[in-house]
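Reader: I'd like a close look at one part of this model. Could you walk me through how its strands and helices are put together there?

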Amino acid sequence: MITSHSVRTAALLAALLATPGLQAAEVAGVKVADSVKVGNSELVLNGAGLRSKLFIKVYVGALYVGQKAATPTAIYDSPSPRRMALRLLRDLDAESLQSALDEGLKNNHTPAELADMKAQAEQLAGIMKAIGKAREGDTIAIDFSAEGVLVSLNGEARGKVAGAGFAKAVLKVWLGDKPADASLKKALLGA
């Protein structure tokens, strides 16, 4: 029997589900928040997707920005903070984390650009190696700002590398012309 109470409950539920911002995205069974707070800034989800390698699910990546954008350039050149959150779907050792970032930098920069950022790339490699083994379910967040790059593991800061130009360079690992995963790049751009 349908009662007025059940009709009101169904209407309320439908209204809540239709309200933007109350739903979280879900990728590969991982709920992705619609927004995050980074410092004093509220960032919105630009896009999220799955990073896989040879049919193995590695992580769910979520890109947060001050204002949604559909092009890599708009994200690189944004003065507001940005965050790339990686929710691991498998255990990864420090060497795998570091080598993946290093490969992404090499694939998206000229030898001259790589030489100019060598000290910063080595500093980032040291931070990633110091994380040690990251476990399935851990979240690695990489925050990008005018000051540079800040890496955290499960909300705990692990290290910072100075330089706005380096922040842009690291973003190219996911959004560059030769991204780590082309389908992930599309998803991060909201496509």
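Author: Here's the run of strands, followed by a pair of helices. Keep in mind that this is a predicted model, where local features need pLDDT of at least 70, side-chain atom pairs count only at pLDDT 80 or more, and totals for chains, interfaces and linings use all residues. Numbering runs from 1 along each chain as its sequence is written, and side-chain values use heavy atoms, with hydrogens and water left out.

Helices (H or I, at least four residues) and strands (E, at least two) are DSSP runs, numbered from the N terminus. Strands pair if DSSP finds at least two bridges between them. Strand S3 (residues 35-38) pairs antiparallel with strand S4 (residues 41-53) over 4 bridges, and Ser-35 sits opposite Val-44 of S4. The two make a hairpin with 2 residues between them, and Gly-39 in that turn has a positive phi of about 60°.

S4 also runs antiparallel to strand S5 (residues 56-65), joined by 9 bridges; Ala-48 has Ala-62 of S5 as its bridge partner. That's a hairpin too, again with 2 residues between the strands, and Leu-54 in the turn shows a positive phi of about 50°.

Now the helices. H3 (residues 94-107) and H6 (residues 164-175) pack at about 100°, axes 8 Å apart (axes are lines fitted to C-alpha atoms over the stretch in contact, with angles from 0 to 180 degrees between N-to-C directions). They're therefore roughly perpendicular, a label covering 65 to 115 degrees. Leu-101, Gly-104 and Leu-105 of H3 meet Phe-166, Ala-169, Val-170, Val-173 and Trp-174 of H6, contact meaning heavy atoms within 4.5 Å.

Notes
Angles under 35 degrees count as roughly parallel, over 145 as roughly antiparallel, 65 to 115 as roughly perpendicular and the rest as oblique.
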